[in-house]
Amino acid sequence: DIIPQPLLDQYLSMTDPARAQTVDTEIAKHCAYSLPGVALTLGRQNWHCLKDTYETLASDVQWKVRRTLAFSIHELAVILGDQLTAADLVPIFNGFLKDLDEVRIGVLKHLYDFLKLLHAEKRREYLYQLQEFVVTDNSRNWRFRYELAEQLILILELYSPNDVYDYLRHIALTLCSDKVSEVRWISFKLVVAILQKFYTNNASALGLNFINELVVRFRHCSKWVGRQAFAFICQVRTFSLPLPVCA
C-alpha cells in the first residue's frame, strides 16, 4: 500500500547477478546505497520485504557493495529499532567487523552510533572485539587507528568505569605509542577522557592506578618519545585534574 508492488519487485531484482552482467556492473552497489531510504519509506513493519535482499547484499563478492552497507548500517538500525537490529543487523555487523579494512572502516566511523542503539548486555559483548581494530591489513593505514581513538572518546560514555579500565585502557595505551604522531595526539586526548571518566564517576582509585601506570610507562620511559608523550598528556587540559596527577 505504500509503493507500487512492481516498483518494489524491480528494486529487489537489482541483486540478481544476471542484471549486473547485462545492465550495470555496479547495480548492486546502487541498490545498497539506496536501501536505507527504501527501508525508511516502507517502515519497520515491512522490513521482511527487504531482509533477504539486505543479507544478499551483505555477502556480495564486491567489497564496494559491503562497504556501502557498512557505512549506513547505523542509519538502518535507527529505522528498524532495537529488536530488529539485534535480530537481523547485529549478525551482519559482526561480519563486517571481520571483513577487509575497506569495509571495516565503515562500521568503525559510526561505531558509537551503532553501539548506543544496543541494549547494555549486547553492547558489552563488543568490549572483547574493540582491540581487533588496532590491527589492520596495512600497518601504514594510520587513519584507521586515528578513527578508532576518536570513536573510543565517544564510546567511553557507554561503558562503566570498570569496563573502561579493564578493556579500553589497554587500547588507549597502545595507541599512545603509535608510530604516527597524529594517532598519538588524538590518543593523548583519549587518555585524558578516560581519566575524566574515572573521576566524574567517583572511581578515583581506578584513576590513580591509571595515572601511576602512565608515570611508569611514559614519564620514566628510557626513550625520549615516551617522556614527550607524558608531557603532552599533561598538556591536554580538557578538565581540572586532582593534585596527585601533578605529583
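1. Let me start with the cysteines in this predicted model. The count of disulfides comes to zero. Cys31 is in no disulfide, and the nearest cysteine sulfur to it, that of Cys49, is 14 Å away. With the cut-off for a pair of sulfur atoms set at 2.5 Å, the Cys31 and Cys49 sulfurs, 14 Å apart, do not qualify.

2. Buried or exposed: where does Cys31 fall? Cys31 counts as buried, because its relative accessibility is 0%. Cys234 makes a useful companion to look at: its relative accessible area is 37%, so Cys234 is partly exposed.

3. Now for the chain as a whole. Its secondary structure comes to 13 helices and zero strands, so you will be reading an α element at every step of the order from the N terminus on. Along the principal axes, the C-alpha atoms fill a box of roughly 70 × 35 × 25 Å.

4. On burial and contacts, the chain has 247 residues, of which 46% count as buried. If you take the contacts between residues at least 6 apart in sequence, 67% of them join residues at least 24 apart.

5. Thr68 is worth a visit if you are looking at helix 5, which covers residues 63-97 and includes this threonine. The relative accessible area of Thr68 is 14%, and Thr68 is therefore buried, the cut-off being under 20%. What does Thr68 touch, leaving aside neighbours within four places in sequence? Its contacts are Lys29, Ala32 and Tyr33.

6. Next, please look at helix 11 (residues 181-200) and helix 12, whose axes come within 7 Å and cross at roughly 150°. Angles over 145 degrees count as roughly antiparallel, and helix 11 and helix 12 are therefore roughly antiparallel to each other. Their crossing is left-handed.

7. Which residues build that contact? From helix 11 come Val191, Ile194, Leu195, Phe198 and Tyr199, and they meet Ser204, Leu206, Gly207, Leu208, Phe210, Ile211 and Leu214 in helix 12. Sorted by class, the contact of helix 11 with helix 12 has 10 nonpolar residues, two polar ones and no charged ones.

8. Between helix 11 and helix 12 there is a loop, and Asn202 lies in it. Phi of Asn202 is near 55°, a positive value in a residue other than glycine. Asn202 is exposed, because its relative accessible area is 74% and the cut-off for exposed is over 50%.

9. Helix 12 (residues 204-219) also pairs with helix 10 (residues 161-176): the two axes come within 12 Å and cross at roughly 20°. That angle makes helix 10 roughly parallel to helix 12, since angles under 35 degrees count as roughly parallel. Helix 10 passes helix 12 in a right-handed crossing.

10. The helix 10 side of this contact consists of Pro161, Asn162, Tyr165, Arg169, Leu173, Thr174 and Cys176, while helix 12 supplies Leu206, Asn209, Phe210, Glu213, Leu214, Arg217 and Phe218. By class, the residues of the contact of helix 10 with helix 12 divide into eight nonpolar, three polar and three charged. Leu206, Phe210 and Leu214 of helix 12 are listed here, and they also appear in the contact with helix 11.

Definitions and conventions:
Residues numbered from 1 in each chain as written. Predicted model: local features only at pLDDT ≥ 70, side-chain atom pairs only at ≥ 80, totals over all residues. Heavy atoms only, no water. Axes fitted to C-alpha atoms, helices over the stretch in contact; angles between N-to-C directions. Helix = DSSP H or I, 4+ residues; strand = E, 2+ residues; numbered from the N terminus. Parallel < 35°, antiparallel > 145°, perpendicular 65-115°, else oblique. Left-handed = near helix turned anticlockwise from the far one by under 90°. Contact = heavy atoms within 4.5 Å. Nonpolar A, V, L, I, M, F, W, Y, C, P; charged D, E, K, R; others polar. Buried < 20%, exposed > 50% of the residue type's maximum accessible area, 1.4 Å probe, protein only.
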